[in-house]
Amino acid sequence: MKNKATLELADIKAIAAAAEAEATKNQWAVSIAIVDDGGHLLWLQRLDGAAPISAHIAPAKANTAALGRRESRVYEEMVNGGRVSFLSAPDLKGLLEGGVPIIKDGQCLGAVGVSGVKSTEDAQIARAGIAALGLS
């Protein structure tokens with residue numbers, strides 16, 4: 001039997017605080033979502049001024065990154081490259097850059113999804129949150 005690390009509430013709060021700090025530092029109004037390895041929502045916050053739709057998009061990006069065990073950007077690139085069949089993949093709704101998996105020792109613990117600014121900036125915020133755990 002294998003052992004696997006899991007996200008604890010302290011980890012989630014650390015990720016959220018670091019992601020919020022990155023967004024605030026850049027004056028970006030976003031929503032930040034954190035999910036577990038099954039894509040289940042553990043944390044959602046919508047910063048002041050963030051568009052209401054971002055609170056739906058951020059969890060979708062996080063869910064896609066967790067279930068796919070890769071950045072949601074990969075799916076966006078596949079679709080843009082002509083593999084439109086990925087639009088029908090079950091449970092993958094956030095096929096846009098901004099969802100980043102949380103990987104430790106080769107295992108996916110969950111993911112962070114951000115929405116509200118340019119997709120590359122969303123991903124930057126997600127990575128800043130994950131970096132709070134000493135992971136990249």
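Helices are taken here as DSSP runs of H or I of at least four residues, numbered from the N terminus. In the predicted model analysed here, helix 3 is followed by G82, whose phi is positive, near 110°. Helix 3 itself spans residues 72-80, and its buried residues are S72, Y75, M78 and V79. These residues lie on the same side of helix 3, because the arc that they cover around the axis is only 115°. Such an arrangement follows the general geometry of the α-helix: with 3.6 residues a turn, residues three or four places apart point the same way. The cover over the buried residues of helix 3 includes helix 2 and strand 3.

Strand 3 also takes part in an antiparallel pairing with strand 4, over 6 bridges. Within this pairing, P101 has A111 of strand 4 as its bridge partner. The two strands form a hairpin with 2 residues between them, and D105 in the turn has a positive phi of about 55°.

Both strands of the hairpin contribute to the largest nonpolar core. This core comprises 21 residues, of which L7, V30, I34, I102, V112, V114 and I125 touch the most other members. Two or more residues each are given by helix 1 (9-25), strand 1 (31-36), strand 3 (99-104), strand 4 (107-115) and helix 4 (119-131). The greatest contribution is that of helix 1, with 5 residues. The surroundings of V112 illustrate how the core is assembled. When neighbours within four places in sequence are left aside, V112 is in contact with I15, I32, A33, I34, A62, G98, G99, V100, I102, A126 and I130.

Charged side chains supply a further set of interactions, with a count of 6 salt bridges. One of them joins K4 to D37, with the closest N and O atoms 2.6 Å apart. This pair links distant parts of the chain, since K4 lies in the segment before helix 1 and D37 in the loop between strand 1 and strand 2 (41-46), the two being 33 residues apart. Both partners fall between the limits of 20% and 50% relative accessible area that bound the partly exposed class: K4 has a value of 34%, and D37 a value of 28%.

A second salt bridge connects D122 and K61, at an N to O distance of 2.8 Å. It likewise links distant parts of the chain, with D122 in helix 4 and K61 in helix 2 (residues 54-68), 61 residues apart. Here both partners are buried, because their relative accessibilities are under 20%: the value for D122 is 1%, and that for K61 is 2%.

A third salt bridge is formed by E71 and R73, whose closest N and O atoms are 3.8 Å apart. In this case E71 counts as buried, at 15% relative accessibility, whereas R73 counts as partly exposed, at 26%. The pair belongs to a network in which salt bridges that share partners join E71, R73, E77 and R127.

Key:
Residues are numbered from 1 along each chain as its sequence is written. This is a predicted model: local features need pLDDT of at least 70, side-chain atom pairs count only at pLDDT 80 or more; totals for chains, interfaces and linings use all residues. Side-chain values use heavy atoms; hydrogens and water are left out. A nonpolar core is a set of buried Ala, Val, Leu, Ile, Met, Phe, Trp, Tyr and Cys residues joined through side-chain atoms within 4.5 Å. Buried means under 20% relative accessible area, exposed over 50%, partly exposed in between (1.4 Å probe, protein chains only). Contact means heavy atoms within 4.5 Å. A salt bridge is a side-chain nitrogen of Lys or Arg within 4 Å of a carboxyl oxygen of Asp or Glu. The arc is that of the directions from the helix axis to the C-beta atoms. Two strands pair if DSSP finds at least two bridges between them.
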